[in-house]
Amino acid sequence: MSIHQVNPNQAKAFLHQLLVHQLDASEVAWVEEKKALLEANYSIRSFYMAFSAVSRFVKRKPVVVDAPLAAAANALRAGYSLEDRTVDEVVRALFVLHVPTDDLAVYEKTMHQLFTTADMAELAALYAGFPLFAHPTFLSKQGEEGLRTNMSGVFDALVLNNPFPADHFSENAWNNMVLKAFFTERPTYKIQRQEERQNATLARILIDYAHERWAAHRTVAPELWRNVGPFINETYLPDVTRALNSNEPISQQAAILALTQSSYAPAQALATQHPLKEEVDAGTLTWNSIGEAVWNTTA
């Protein structure tokens, strides 16, 4: 089993227990009836029917995530998050975990059919469930296809609060994902483990994107500088300095954070001289705090 895969029985038990506590009695009864059928007499037909019927028997409502549930989800699979997820999505993920995985060809055919016929809510459930599902190499190919979607809810399920892209996407797919997140104005601070996937190509792409925005007299998302900081050089420093000298406090904060990530001496000197450096050193100014400030303002 891959280091990034979970034990399917543990995953099923975790999701089932979650649903028992967050669904009403009639919904729990329906889920347990279908779950028992899939376990006792699995067939592709019974699986497809259960998966497609979820919206008729389970109301769409957010998963209530408290600290113990968040910790349990992360313990099941590092980075697995139920933030912004709904209970009907969890039911669908539970059903997918009952699909046999021993025959890869059959598994791929079953999953491909799901993706081909799924509506927006079903696609979001599938992508959000990727951290728990088997055969990540196949899922990665499907995920890279999913980046082309123009449905923000589907894109968010794959990209935000999801450890799968950081674990499995190629550098090219990762870079395209991050750029699209900025282009479509998604809350990029929710993309997991960005520091691990930073690369010089992405920094150049984002600098070019910033130039395009400025040329069109449009603003640049403060979070963009997060993936530029480690690659600041004599070419990029004027761009970060422009953000630092802007009239937007959040852009100034982002620029300082980016400068502190750099090993380029002029960038370090510029950061050291700025009063915001104290907030960085104190840990009160972070990329999460910037992201939350941006999105609390725009929400």
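**Salt bridges, a helix pair and a pocket**

Let me begin with the charged pairs: there are 16 salt bridges, where a salt bridge is a side-chain nitrogen of Lys or Arg within 4 Å of a carboxyl oxygen of Asp or Glu. This is a predicted model, in which local features need pLDDT of at least 70 and side-chain atom pairs count only at pLDDT 80 or more, while totals for chains, interfaces and linings use all residues. Residues are numbered from 1 along each chain as its sequence is written, and side-chain values use heavy atoms, with hydrogens and water left out.

One of the salt bridges joins Lys59 to Glu27, with the closest N and O atoms 3.4 Å apart. Lys59 lies in the loop between α3 (44-57) and α4 (67-76) and Glu27 in helix α2 (residues 25-40), so the pair ties together parts that are 32 residues apart in sequence; helices here are DSSP runs (H or I, at least four residues), numbered from the N terminus.

Turning to helix packing, the axes of α1 (residues 8-22) and α5 (residues 87-96) come within 10 Å and cross at roughly 145°, the axes being lines fitted to C-alpha atoms over the stretch in contact, with angles from 0 to 180 degrees between N-to-C directions. The contact, meaning heavy atoms within 4.5 Å, involves Lys12, Leu15, His16, Leu18, Leu19 and Gln22 of α1, together with Val87, Val90, Val91, Ala93 and Leu94 of α5.

Finally, which residues are the closest to the centre of the second largest pocket? They are Gln5, Val6, Pro8, Thr101 and Ala134, out of 15 that line the second largest pocket, a pocket being an open set of points on a 1 Å grid over the protein atoms alone, where a 1.4 Å probe fits, with protein on both sides within 12 Å along at least five of seven lines, and lining residues having an atom within 4 Å of a point.

Conventions
Helix = DSSP H or I, 4+ residues; strand = E, 2+ residues; numbered from the N terminus.
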